[in-house]
Amino acid sequence: MKTIGKSTYTEAQKSEMKRQIRHAADDAFDKEMAEINEQLNKEILIALVGDVNAGKSSTINRIVGEEVAGVGAEPGETTAIHPHAYKDKIFFIDTPGLNDVNKENSATTLDYFRKTDVVLFFLNAAGTVFSESEQRSFRIVEKANPNILIVLNKIDAADEVDRLVSRVRRETGQKYDVIPISSRTGENVDTLRDAILELLKKNNKDILFARTIKEKSSIANKWIIAASTSAGAIGAVPLPGADIVPLTALQIGLLTKLATLYERPISREAAKEIVITAIVGNLGRTIFSQIVKFFPGAGSVAAAGVAGTVTLALGYSVKYAYERGIDVTPESVSKLYKTFRDRKDKGKKLPGEPE
Ligand SMILES: Nc1nc2c(ncn2[C@@H]2O[C@H](COP(=O)(O)OP(=O)(O)O)[C@@H](O)[C@H]2O)c(=O)[nH]1
Ligand SMILES: [Mg+2]
């Protein structure tokens, strides 16, 4: 990684950067908050389609990290398709069984499928995978809504999972992701969760869903790494001028998203000062060149230069603070930077670093 000596930046350059960051941060903060608030006012509708016992309820409970009321309905308890509210803006439609999709191929049923953001189509890997009745239902659902993820559940109890995945992919025209999981052991459930978030992102609803998931850490990691990679592409070395505006916007975007994820609102002033401290306060240091490699996924970012590494360290410091109930202020964030650096200098491990 490139190291920059303190002398690279004059005081005049630094104060010009601060001025530019303050200005860019104000614009970015308003824009980000408006987008997030718009997103939080939306509704999400997720349809669960699949035979009774395919593991629809178990999977949803795994993903969100708690028992979702209403998706545990016993077969026969409900016959009509209707959405269950979960966390007031998020609705699950649980089809009690595929027969009902076939039988009730009615205007109302199809209407629900059309309105759905994501359809999770469940197959039981330990059963007759993609049976005729499942294929029939799939065609009906597919016509109404192509935002389908095919969930091949119970892989803990199945053989030749790869072959099953290829077959289902082939039989659905290679158009859909087929995600093998076990909602019993939890295997690959994070891949399914990421695929759902990816689909929701297309409709700008990913933050709304991410916020309701209990296990936030790996979602935060993904966002932090994505922001650092983009920051690295903006400029290896931040300079006053063109690079500062997009870099500031990116970091403000990351801060407001993390604040929303952890449901700990951040003030505009705090966000602004944190970004100034991150960018200007860390110029001329070899910071994080060695620590970043201990954060998950940081390897790809380490080569991205100062802008990328500073964004990464900023993200992980803020995440650390949120997860431990520490107030997120410019002081606490820069102290965390420093603590991480010092620990590494002394050859100690960082929190979360594998033994
Ligand atoms: N072996 C295995 N069993 C599972 C898995 N997921 C769910 N089950 C079991 O399958 C049964 C039906 O699960 P449930 O989530 O209620 O299915 P639903 O009717 O589609 O909602 C329950 O006994 C679960 O414990 C899995 O991944 N592996
Ligand atoms: Mg169920």
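Is Leu164 buried, exposed or partly exposed? In this predicted model, Leu164 has 19 other C-beta atoms within 10 Å. A buried residue needs 20 or more, and an exposed one has 12 or fewer. Leu164 is therefore partly exposed.

Leu164 is part of helix α6, which covers residues 161-171. Beyond the neighbours within four places in sequence, the contacts of Leu164 are Ala125, Val129, Leu152 and Ala158. Leu152 lies twelve residues from Leu164 along the chain. The C-alpha atoms of these two leucines are 8.6 Å apart.

A pair of helices was examined next. Helix α10 spans residues 244-261, and helix α11 spans residues 268-279. Their axes come within 10 Å and cross at roughly 125 degrees. An angle between 115 and 145 degrees counts as oblique, so α10 and α11 are oblique to each other. Their crossing is right-handed. On the α10 side, the contact is made by Leu247, Thr248, Gln251, Ile252, Leu255 and Thr256. The α11 side supplies Ala271, Ile274, Val275, Ala278 and Ile279. Eight of the residues in this contact are nonpolar and three are polar, with no charged residue.

The surroundings of ligand 1 complete the picture. The ligand has 15 residues around it. Gly55, Lys56, Ser57, Ser58 and Arg184 come nearest. Helix α2, residues 56-64, gives the most to this shell, with three residues. By residue class, the shell around ligand 1 holds eight polar, four charged and three nonpolar residues.

How values were computed
Residues numbered from 1 in each chain as written. Chains lettered and ligands numbered in written order. Predicted model: local features only at pLDDT ≥ 70, side-chain atom pairs only at ≥ 80, totals over all residues. Near = placed C-beta within 6 Å. Helix = DSSP H or I, 4+ residues; strand = E, 2+ residues; numbered from the N terminus. Nonpolar A, V, L, I, M, F, W, Y, C, P; charged D, E, K, R; others polar. Axes fitted to C-alpha atoms, helices over the stretch in contact; angles between N-to-C directions. Parallel < 35°, antiparallel > 145°, perpendicular 65-115°, else oblique. Left-handed = near helix turned anticlockwise from the far one by under 90°. Contact = placed C-beta atoms within 7 Å.
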